[in-house]
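I opened the notebook with the sequence on one side and the model on the other. My entries follow in the order I looked things up.

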Amino acid sequence: MGSYKSNAFTYATIVAMGGFIFGLDAALISGTINFIVQEFGLTDLQLGTVVSAPGLGVLLALPLAGYASNRFGRKRTLQIIALLYLISAIASTLAPSYWSLVCARFLGGLAFSSISLASMYIGEIAPPKWRGKLVSMTQINIVLGLSAAYFINYLILQWTNSDAQWVVDFGLRTHTWRWMLGSEILPAFLWFVLLFFIPRSPAWLIYNNKEQEAKGTLSKILPVSEVEVQLEEMKESLSKNTQDHSIMAQLKAIFAKPMRLTMIIAMTIAIAQQATGINAILFYAPTVFEQLGVGTDAAFMQAIWIGLTSVIFTILGLLLVDKLGRRPLIIWGMVWIIFSLGLCYYGFKTASYTITNQDVVELTELEKKERLNTIVDVEYGSDIEFKQAIHDTLGEEDARTFSSVLIEKSADINAVLILIGILSFIAAFHFSVGPVMWVLFSEIFPIGLRGIAIPFFTLVTSIVSYLVQKFFPWQMATMGISNTLLFYAIIVFIGLVILYRYLVETKNMTIEEIQSALTSDKK
């Protein structure tokens with residue numbers, strides 16, 4: 001590998017670490033849910049607020065990230081983001097109350113814009129033939145972070161069951177969820193340090209009339225013979241778009257007629273990617289698996305399978321994105337997602353729940369067990385009906401404490417079918433719309449607009465993500481898990497229809513060639 005190739009790979013790897021921190025930050029909360037619900041006595045909506053707080057933070061951060069990436073540069077903005085991750089991790093670990101935890105996680109959400117900025121930066125330093133692979137590194141790092149989070153949560157949970165003295169000395173049993181959230185501190189600090197060793201983006205340097213510095217950066221990542229050609233193409237692309245660098249002027253340009261096709265593609269995939277419900281599954285993984293009646297320990301273990309599946313199929317998608325192309329991966333990936341959600345819907349829809357006298361006897365920790373006598377041997381046809389019956393008989397506090405174990409004992413459900421459906425859904429997402437959306441975002445916007453366009457459409461997908469995270473516990477309680485998954489499948493199908501009509505192929509094309517294809521398309 002030539003020095004320019006290794007440089008491009010090194011810079012992309014460092015920046016893509018932001019994806020790992022994102023995945024870690026996002027998924028660690030999944031293991032803490034039962035602990036924080038018990039410690040702070042949270043309702044379904046309060047729990048949704050804790051989990052979705054970063055999603056709310058990123059809604060504020062993304063518009064500022066677009067401004068900051070143009071004003072201060074991609075590199076400096078990424079350094080600020082890394083610092084926010086670090087501060088948030090420390091504050092979340094030490095949070096003394098519900099609202100302090102929400103605020104700490106909200107602060108971390110300000111850093112979630114790292115995904116869009118990482119894609120932007122890597123897309124600007126990657127040679128065209130490697131762009132798909134290098135940009136997809138961010139997604140690989142996200143799923144590595146997710147997998148690490150699930151494994152860390154499971155490991156800490158197992159340690160709490162140990163009789164080792166150090167478990168007591170370090171407070172793992174009494175502060176389990178704090179240890180889970182605190183595991184983010186070290187990698188966040190490492191990323192912050194490494195970001196000092198990357199160069200400034202050549203596209204940003206051209207945007208700010210720093211041609212000589214841009215040439216120096218390009219010489220580190222391209223063969224000498226290609227530097228001048230790439231420099232001229234970037235200058236030409238910039239000259240074709242708005243010369244007014246204001247945010248409003250660039251937003252107007254995004255929605256202007258020449259950008260109509262680009263806007264349709266970006267808006268549709270931004271909504272559809274998160275409307276799959278991916279973050280409901282990832283951020284509430286143990287909770288979802290507890291609906292299968294497998295128990296808490298097994299639910300944490302099966303969450304690890306989500307992480308492993310994510311890694312395998314993200315890598316597979318990375319290897320094929322520049323061979324098969326962006327369009328086939330997205331179109332067929334969305335078909336696969338719909339099918340997988342359909343399997344899960346059928347599995348949960350056909351489940352039933354019946355508690356027996358023997359099950360009640362085994363609940364040794366529940367006081368006044370006779371309260372359950374009214375629902376013994378009664379068959380309930382949905383998780384909503386059963387949970388409501390538990391709530392009516394035990395009251396809110398005991399229902400919250402014993403709901404998981406009662407589901408485990410009473411569920412008559414095709415757990416294997418649903419597990420296959422969930423893992424198939426995870427595989428489909430990470431093989432297709434998960435990584436490929438960021439590849440498209442790094443390609444379809446011209447240099448003069450991308451500093452605002454990428455954060456703007458990332459804002460759209462973040463709004464959908466926030467709504468999914470915020471209302472998933474409420475949907476579970478009111479719609480049931482089967483109808484919630486059906487709802488996601490319907491939204492994805494609508495997105496599939498639109499993208500099948502408008503999505504164009506962009507593989508092996510320069511950013512300038514892509515602009516020509518999108519503006520001249522007659523669809």
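Is Gly-342 buried, partly exposed or exposed? I looked it up and found Gly-342 partly exposed, at 33% relative accessibility. My cut-offs are under 20% relative accessible area for buried, over 50% for exposed, and partly exposed in between, with a 1.4 Å probe and protein chains only.

**Ground rules**

I am working on a predicted model, where local features need pLDDT of at least 70, side-chain atom pairs count only at pLDDT 80 or more, and totals for chains, interfaces and linings use all residues. I number residues from 1 along each chain as its sequence is written, and side-chain values use heavy atoms, with hydrogens and water left out.

**Whole protein**

I counted 26 helices and 3 strands. These are DSSP runs numbered from the N terminus: helices are H or I with at least four residues, strands are E with at least two. The protein has 523 residues, and 59% of them are buried. About 20400 Å² is exposed, and carbon and sulfur atoms supply 65% of that area. I took accessible areas from the Shrake-Rupley method with a 1.4 Å probe; for residues, only the protein chains shown count as cover.

Next I looked at contacts, meaning heavy atoms within 4.5 Å. Of those with a separation of 6 or more, 82% join residues 24 or more positions apart.

**Helices H18 and H22**

I went back to Gly-342, which sits in helix H18 (residues 326-349). Its C-alpha is 7.9 Å from that of Gly-421, although 79 residues separate the two in sequence. Then I checked Ser-424, in helix H22 (residues 415-431). Ser-424 has 14% relative accessibility, so I list it as buried. What does Ser-424 touch, leaving aside its neighbours within four places in sequence? I found Trp-336 and Ser-340.

**Salt bridge**

I searched the whole structure and found 1 salt bridge. The rule asks for a side-chain nitrogen of Lys or Arg within 4 Å of a carboxyl oxygen of Asp or Glu. The partners are Arg-178 and Glu-39, at 3.5 Å from N to O. Arg-178 is in helix H8 (residues 176-182) and Glu-39 in helix H1 (residues 3-40), so the pair ties together parts 139 residues apart in sequence. Arg-178 is buried at 14% relative accessibility. Glu-39 is partly exposed, with a relative accessible area of 41%.

**Cavities**

I ran a 1 Å grid over the protein atoms alone; a cavity is a set of points where a 1.4 Å probe fits but cannot get out, and lining residues have an atom within 4 Å of a point. Points are joined across faces, edges and corners, and the volume is the space filled by probe spheres set on them. The count came to 5 cavities of 30 Å³ or more. The largest cavity holds about 310 Å³. It is lined by 24 residues, and Phe-22, Gln-274, Asn-279, Trp-438 and Ser-465 are the closest to its centre.

Elements giving two or more residues to this lining include H1, helix H2 (44-71), helix H6 (131-160) and helix H24 (447-478). H24 gives the largest share, 5 residues. How does the lining of the largest cavity divide into nonpolar, polar and charged? I noted 12 nonpolar, 12 polar and no charged residues. Ala, Val, Leu, Ile, Met, Phe, Trp, Tyr, Cys and Pro count as nonpolar, Asp, Glu, Lys and Arg as charged, and the others, Gly among them, as polar.

**Helix H6**

I picked two residues here. Ile-142 lies in H6 and is buried at 7% relative accessibility. Beyond four places in sequence, its contacts are Gly-19, Phe-20, Phe-22, Gly-23 and Ile-115. The C-alpha atoms of Ile-142 and Met-17 are 8.3 Å apart, with their positions 125 residues apart along the chain. Ser-147 is also in H6 and is buried at 12%. Under the same exclusion of neighbours within four places, Ser-147 is in contact with Gly-307, Leu-308 and Val-311.

**Helix H14**

Ala-266 is in helix H14. I read 0% relative accessible area, so Ala-266 is buried. Outside its neighbours within four places, Ala-266 is in contact with Phe-441, Ile-444, Phe-445 and Phe-457.

**Last entry**

I closed on Asp-377, in the loop between helix H19 (357-361) and strand S2 (379-380). Its phi is near 65°, a positive value in a residue other than glycine.

Key:
On a 1 Å grid over the protein atoms alone, a cavity is a set of points where a 1.4 Å probe fits but cannot get out, and a pocket is an open set with protein on both sides within 12 Å along at least five of seven lines; lining residues have an atom within 4 Å of a point.
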